[in-house]
Amino acid sequence: FLKPIEKINALLELYPRGMAGFRRYCELMDTEPDVKDADDAIDAPRLKGNIEFNNVTFGYENHSHVLKDINLKVRAGETLALVGPSGAGKSTLCSLIPRFYEIDEGEVTIDNIDIRAMKQQSLRNQIGIVQQDVFLFNGTIRENIAYGRLGATEEEIWEAARAAHLEAMIQALPDGLDTFIGERGLKLSGGQRQRLSIARIFLKNPPILILDEATSALDTETETMIQQALEKLAHNRTTLIIAHRLATIRHADRIVVVTEEGIAEQGRHEELIAAGGTYARLSAAQFGGGAGLATV
Ligand code: ATP
């Protein structure tokens, strides 16, 4: 009886840390950000996902400002890719949407509601995050997918597995959904772990999605499968992609170039290429020079 509660507790603790950590910053995160609900915080209604950053300034404790006076509007359903040099603040900008940190100035609103007026849990329930380091717990595939929405039915779990291109793999296992994974069970590849986290989010069905694109190379087949699953996942949701490979974001509704000075330029791929600015240079470096990253 206590076991599932312990599991959920462990996950709730890990969730903000995992997001805020974003790859290599994990080690910096030995203190939990201390964001509290306001006394009169409301349960967020089902959000459409119109996100606005209005004059947002933010710096980590004891650090100078990483984001200065940022203004950005993301329309509900839009796919917006963030590109730019490493350390410019792309991950930081995204981590402010689930309110993992308190901003210093300005406001972040979703559907015109300041996120500080919402209960964090009700806000975070409506945001799906896909990142490179997938957290899986020791348990069955079923439990790991169902974590996206506790109480999901068998059919809903299969539907999520199908959408994430995991169905065939699960069907080939003697114990199917009841196969144990983790330390004492089946060891999943990086690509399978990613797809499992995608299945979770299909089940969660949030209106807002944050994708922290993988930097490590996967084999082409896995890569294509994940790309297709992510495109399906992004459909009809407000999606922010922290992009490292420009090839995957060519078709984004909008590309925003973030530099240390702030938002340098934004537009569609063709527009930014024609403008001949930072994006065009990154693109030339990447496609001209082979497999470089968008974060030079
Ligand atoms: P990359 O493409 O390499 O992931 P990024 O554009 O996403 O980079 P951020 O991860 O947002 O950049 O980092 C922006 C700045 O904030 C960097 O100088 C980084 O060192 C700093 N930073 C990030 N996370 C933390 C943290 N938890 N505590 C202190 N400083 C941090």
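## The end of helix α7

Which residue follows α7, and is its phi positive or negative? The residue is N205, and its phi is positive, near 55 degrees. Keep in mind as you look around that this is a predicted model.

## Helix α7 itself

Let's check the length of α7, which covers residues 190-204. At 1.5 Å a residue, its 15 residues should span 21 Å, and the end C-alpha atoms are indeed 21 Å apart, so the two values agree.

This helix is mostly covered, with eleven of its 15 residues buried. Among them are Q192, L196, A199 and L203. You can find what the buried residues pack against at β6 (127-130), α4 (141-146), α5 (154-163), α6 (167-171) and α8 (220-234).

## Side by side with α8

Two packed helices are described by the angle between their axes and the distance between those axes. For α7 and α8, the angle is about 10 degrees and the axes are 10 Å apart. Because angles under 35 degrees count as roughly parallel, α7 is roughly parallel to α8. Their crossing is left-handed.

Try finding the residues where they meet: G191, Q194, R195, I198, I201 and F202 come from α7, while T222, I226, A229, L230 and L233 come from α8.

## A four-stranded sheet

Now turn to the strands. Four of them form an open sheet with antiparallel pairing, in the order β2-β1-β4-β5. At the edges stand β2 (67-74) and β5 (113-114); each has a single partner strand, so one side of each lacks a neighbour in the sheet.

Five bridges link β1 (residues 51-58) with β2 in the antiparallel sense. Here you can spot E52 opposite K73 in β2.

Key: Residues numbered from 1 in each chain as written. Predicted model: local features only at pLDDT ≥ 70, side-chain atom pairs only at ≥ 80, totals over all residues. Helix = DSSP H or I, 4+ residues; strand = E, 2+ residues; numbered from the N terminus. Expected span 1.5 Å × (residues − 1). Buried ≥ 20, exposed ≤ 12 C-beta atoms within 10 Å, placed from the backbone. Contact = placed C-beta atoms within 7 Å. Pairing = 2+ DSSP bridges. Axes fitted to C-alpha atoms, helices over the stretch in contact; angles between N-to-C directions. Parallel < 35°, antiparallel > 145°, perpendicular 65-115°, else oblique. Left-handed = near helix turned anticlockwise from the far one by under 90°.
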